Amino acid sequence: MTTDSQRRGQRLQELTRTGPLTEMGKLLRRFWQPIAVCAELAPATARPVRVLSEDLTLYCGASGTPYLVGGRCAHRCTVLHTGWVEGESIRCMYHGWQYDGSGRCTERPAEGDRTPPNVRIAGYPLTEYAGLIFSYLGPGEAPPFDLPRKEVFERPGPIVARRQVWDYNWLQAVENSLDAVHVSFVHAYGREGSFIEAVTQAIPELEYVETEAGIRQIATRGVGNVRISDWTFPNNNHIRIPGPFPGSPWIDVGLWTVAVDDEHTARLNVYGAPAADPDVDRRVSAYLEGIGDYNPADHYQQLVLERCMPDDPLLQLTNAQDYIAQRGQGVIADRGAETLGRSDAGIALLRRIYVRELEAIKSGRETKPWRRLEQPADLPMQGAGAKRR
Amino acid sequence: MTTDSQRRGQRLQELTRTGPLTEMGKLLRRFWQPIAVCAELAPATARPVRVLSEDLTLYCGASGTPYLVGGRCAHRCTVLHTGWVEGESIRCMYHGWQYDGSGRCTERPAEGDRTPPNVRIAGYPLTEYAGLIFSYLGPGEAPPFDLPRKEVFERPGPIVARRQVWDYNWLQAVENSLDAVHVSFVHAYGREGSFIEAVTQAIPELEYVETEAGIRQIATRGVGNVRISDWTFPNNNHIRIPGPFPGSPWIDVGLWTVAVDDEHTARLNVYGAPAADPDVDRRVSAYLEGIGDYNPADHYQQLVLERCMPDDPLLQLTNAQDYIAQRGQGVIADRGAETLGRSDAGIALLRRIYVRELEAIKSGRETKPWRRLEQPADLPMQGAGAKRR
Amino acid sequence: MTTDSQRRGQRLQELTRTGPLTEMGKLLRRFWQPIAVCAELAPATARPVRVLSEDLTLYCGASGTPYLVGGRCAHRCTVLHTGWVEGESIRCMYHGWQYDGSGRCTERPAEGDRTPPNVRIAGYPLTEYAGLIFSYLGPGEAPPFDLPRKEVFERPGPIVARRQVWDYNWLQAVENSLDAVHVSFVHAYGREGSFIEAVTQAIPELEYVETEAGIRQIATRGVGNVRISDWTFPNNNHIRIPGPFPGSPWIDVGLWTVAVDDEHTARLNVYGAPAADPDVDRRVSAYLEGIGDYNPADHYQQLVLERCMPDDPLLQLTNAQDYIAQRGQGVIADRGAETLGRSDAGIALLRRIYVRELEAIKSGRETKPWRRLEQPADLPMQGAGAKRR
């Protein structure tokens, strides 16, 4: 039995590795992946960004257009983000080599060549959507930007994006999205906030169905207390949570879970509320912007050892609770030591799909043509918390 | 010659490794090992504890009884100490699996099974003694709790226990216990405190004798200046040190050296003084409790590079001096680079005994039936410091 | 092509490794290497020092003479710098073994032997020059102390030495010395200070010539704007920079780049100005002493991510700019990923010389008999900054 568990653990370990040469890394690179928050990248600035174990330079041209190129200058390999953004190009601070937004070297001042020979660093296409910058790190032409879109993030109303980095493997975070039971326990940890008050601690009946876009998850905690989420392949969830104060509408959350490397995970969230009256909209926006700086990974000791939770009873609290549960599995969870049950049906389905798609890639077969849901669920705004409205 | 030294170094390296699969780890697990201070574990709380490279959960039931179980829930492997203590059980914060104090899973709320199948995590017996919680991490039935007992910790009078973790291998700390010469130098380092004033810096005549419990160590620094300690196999020492102020009686110290892992060592000490008049007892207790928070490992830079020593001239000072000497040997000392002399007789005897017991285990022979001394030494209260009383 | 690059990267990696058993380590050990600043070592004190991956003890006898011996006592291997300096000897704090400045053990108090047997630790000769302590870590007799000498550091006038440790491989720092183009870009980074104002950002014409002492580097940025530096094998540069304030003379800088280990590099600098009138000399000395504490490696986050530069427009600023460029290449630059051009002629020559000398050592041939320049260049005090005088 130990041997079976260990074998399973080893097989699942493949799903945790996302570097450029790994199978999972190749699969994830076939999809648009968010890497940054638009509002955090000022014109004519550059910063380093690590995605799927690749070190890159994200810079914003004078025009406001973002570009994603290799992390280091081709010449002496100094990091490029310390250089100068000039127009839509970036210049290395060491000897002034200049690159355009596609990664092509356009100038080498001390070499005396007007047109440099064919020197390139990596360069990847970007798209801005719902306040996030998405990148396509795969080979060939990028697919149309369609699968990640959600109607709710294109309607009028308050919308805020944020990114934070947690210190463990991405798969733990994704699996948590397909695990409706955790809500009943994790979100009662330390303190009960408005999310668990709305959802209740009842143990749900579970239903998981593969869709053309990913997995639909239905957790029924009683009559009029049904939670639905539409998870999109390969690493995005869409849920709905109660608003931050009485009278405010429920908020749609788009949550992308992108490996920084195998031991760090970026969580890129979009929070969007439907337009209500202007005063409510203003308060909702202010709330969403106000909670952005809190990152539970900065408070490990306090949260895990002192059980001292953040003040905000909605986003900061649920954030912290999720962090404690997932970080508690270790930096990379040992899946060979697990004891799954029938309530882990969502996680089991998720893993089967990943393994199936990896097998397709490895044997040269076509992967599933994932496409945006034609009929996305109208996620219920219910639960005990419905009373609060 | 180099080759001989290197071979000896490699052989001795075996003594430094104490994980569950190592030979030394197996030997140490045959004995009760202290892991925590009773007074620091409040009812209905849990904490992580690492012992001999094993990660465990120490929790205290509502009744005040402590329990020691595996570090992670069997389900998705989240650490258990973040969960809830309920009565005498502990419940995981991720999906609510519940365990009793023996490590048996007693509830899996989302699985719908009243009686869970045979799911277990580790569970180890505990005993409280002299203010410390002792665990038995070995296989089979725990031995009777007898070898670690000392009459002096069962008499009336002030008694205080404490635990601190130092950042190097356990064997350096144990060897220091069988090394009477170090007192003459180490405890003069930086500043002379009341301990070295009592013992003096004279070079001692040494005598080491194996007893039925461990090793008796006799260091004679002159007429009326004899220091005896009774070291108990496998990792406990018993010494006597001068009291903290004029007129206070000498204090018995029981010192256990327990590997946290191969690079960290827990020192669990019991300080017990004989009952004197109530006012002296109060002052001695207050002193012993007051010095508890000081851990020299928190002051490495200050102690080792700036030579800035703690204020308290007795326990904090000797503590800091021992730390500097032992930490100075490296995280795991390279015993292949040593040049032992005849004054290292205690260390040589200690190593011979460890090696002999390991050989017995490896070849399936019986190890020595270590048992509590029938006639423990009445440790002298002498030295120049005797004058101070 | 990738394979060629990788092979080149691997070959050049040999130059980055300087431990006692490496070829580059053996080559560097044939030369006097500075390890400390005289003024920072008080009589009767000791400190640890790591040079070329060797851990050593640098202590200063009561007479003021410095000594360099092994890092650990031969007995139980405790670090020796925590011991006591007694006269011209050092005594271990663990059991009192005493060593003289050659590393010979002269006393073992608890062993009862008046004359200890032949116990030794390492011991290396030292020389003081220009405010620095130089060591010879090689085998056999040390060469005469001649190659590192510069007339300009032996003339009257203000002279100040300092040492700082940067967190990357030594070779990046040395290569930067033979790379005149970097000045035009790196020293404009963040802010233009008095150095780049003097030198100008023009792209230089380059000339690199091997001399009997090392490499002469000539960078011509226009008529009357010529920069010359005399680099001395294996790791010393000599440049001239503008003075810190109007009217102050240009300053000669001797810069030694000594590997602490493969991931840390000590930069030992001597700054010497020619004697001017006493008031100017006082101000120049005060300036040189005042900037000594600034180490850009303590400000990585601030410099590299926040682009917040130090106040001083000369030494601190150029220091910080160099640090950003070189640290940006990584802890150990991957030279297999480079794209060198003709403007890297100095770096190419430097590498060829190192490789040639290593090959000589490996095949048992004589290395070049490097000797002090008979006619050192009179480094020009020019550039746009000449106007400032």
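**Exercises on two helices and two cysteines**

All eight of the eight residues of helix H3 (residues 170–177) of chain A are buried, so this helix is largely enclosed by the rest of the structure. Buried means under 20% relative accessible area with a 1.4 Å probe, protein chains only; helices are DSSP runs of H or I with at least four residues, numbered from the N terminus. The model is predicted, and local features need pLDDT of at least 70. Residues are numbered from 1 along each chain as its sequence is written.

**Exercise 1.** Determine which side-chain atom reaches the backbone at the start of H3(A).

*Solution.* Begin with the buried residues of H3(A), which include A:Trp170 and A:Leu171. Next, examine A:Asn169: a side-chain oxygen of this residue comes to within 2.9 Å of the backbone nitrogen of A:Leu171.

**Exercise 2.** Compare the reach of helix H9 (residues 345–362) of chain A with its expected span.

*Solution.* The expected span is 1.5 Å times one less than the number of residues. H9(A) has 18 residues, and 26 Å separates its first C-alpha from its last, close to the 26 Å expected. Then inspect what follows H9(A): A:Gly364 has a positive phi, near 75°.

**Exercise 3.** Establish why C:Cys38 has no bond to the closest cysteine sulfur.

*Solution.* A disulfide is a pair of cysteine sulfur atoms within 2.5 Å. The sulfur of C:Cys38 lies 9.3 Å from the closest one, in C:Cys60, and is therefore too far for a bond. C:Cys105 is likewise in no disulfide, the nearest cysteine sulfur, in C:Cys73, being 6.9 Å away. Finally, a search of the whole structure finds zero disulfides over all chains.

Terms used:
Chains lettered and ligands numbered in written order. Predicted model: local features only at pLDDT ≥ 70, side-chain atom pairs only at ≥ 80, totals over all residues. Heavy atoms only, no water. Helix = DSSP H or I, 4+ residues; strand = E, 2+ residues; numbered from the N terminus. Buried < 20%, exposed > 50% of the residue type's maximum accessible area, 1.4 Å probe, protein only. Polar contact = N/O pair within 3.5 Å; in protein donor to acceptor, adjacent residues only side chain to side chain.
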